[in-house]
Amino acid sequence: MDSISIKENPSIRLYPNPAKNKIEIDIKAFAAGYVQVLLMDKSGNIVRDEKRLMYNGNETITFMFSEMPGLYFLLLKQGQIKVKSKLIIQ
């Protein structure tokens, strides 16, 4: 009998949030390979755009920034996968 694998939905968790100049992004259920990390302001303008190499798709990366305090969105993209989270910068 074949074993049934339950696939996790891709997700991210940011901490600390609110943050000052650095966050840890806990990434789950992405594929190994490059992931695009976009930091957008509340109007949707991209203020940071980085590519990060992931080795197994479930890991934690450090993301540093020096943006003005306010509400931002962090978007991780990999192929068809897109996961967005709110980030408050103090």
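**A walk through the strands**

Start by selecting Tyr34 in this predicted model: its bridge partner in S4 is Leu53. Now widen the selection to the two strands around that pair. Strand S3 covers residues 33-41 and strand S4 covers residues 46-54; they run antiparallel, joined by 8 bridges. Follow the chain round the hairpin from S3 to S4, where 4 residues sit between the strands, and click on Gly44, which has a positive phi near 95°.

Next stop, the other set of strands. Select S1, S2 and S5: these 3 strands make an open sheet in the order S1-S2-S5, with antiparallel pairing. Strand S1 (11-15) and strand S5 (59-64) are the edges; each has a single partner strand, so one side of each lacks a neighbour in the sheet. If you look at how neighbouring strands of this sheet are turned against each other, the average is 25°, ignoring direction.

Zoom in on S1 and S2, which pair in the antiparallel sense over 5 bridges. To land on one pairing, pick Arg13 and go across to its bridge partner in S2, Asp26.

Stay in S2 (residues 22-28) and select Glu24. What is the nearest side chain of opposite charge to this buried residue? That's Lys22, 4.7 Å away, and Glu24 has no salt bridge; the cut-off for one is 4 Å. Show the side chain of Thr62 too, as the Glu24 side chain makes a polar contact with it at 3.0 Å. To finish, bring up the rest of the surroundings: neighbours within four places in sequence aside, Glu24 is in contact with Arg13, Leu14 and Tyr15, and also with Thr60, Ile61 and Thr62.

Key. Residues are numbered from 1 along each chain as its sequence is written. This is a predicted model: local features need pLDDT of at least 70, side-chain atom pairs count only at pLDDT 80 or more; totals for chains, interfaces and linings use all residues. Side-chain values use heavy atoms; hydrogens and water are left out. Buried means under 20% relative accessible area, exposed over 50%, partly exposed in between (1.4 Å probe, protein chains only). Lys and Arg count as positive and Asp and Glu as negative; His and the chain ends are not counted. A polar contact is a pair of N or O atoms within 3.5 Å; within protein, one must be able to donate a hydrogen and the other to accept it, and residues adjacent in sequence count only if both atoms are side-chain atoms. Contact means heavy atoms within 4.5 Å. Two strands pair if DSSP finds at least two bridges between them. Axes are lines fitted to C-alpha atoms, for helices over the stretch in contact, and angles run from 0 to 180 degrees between N-to-C directions.
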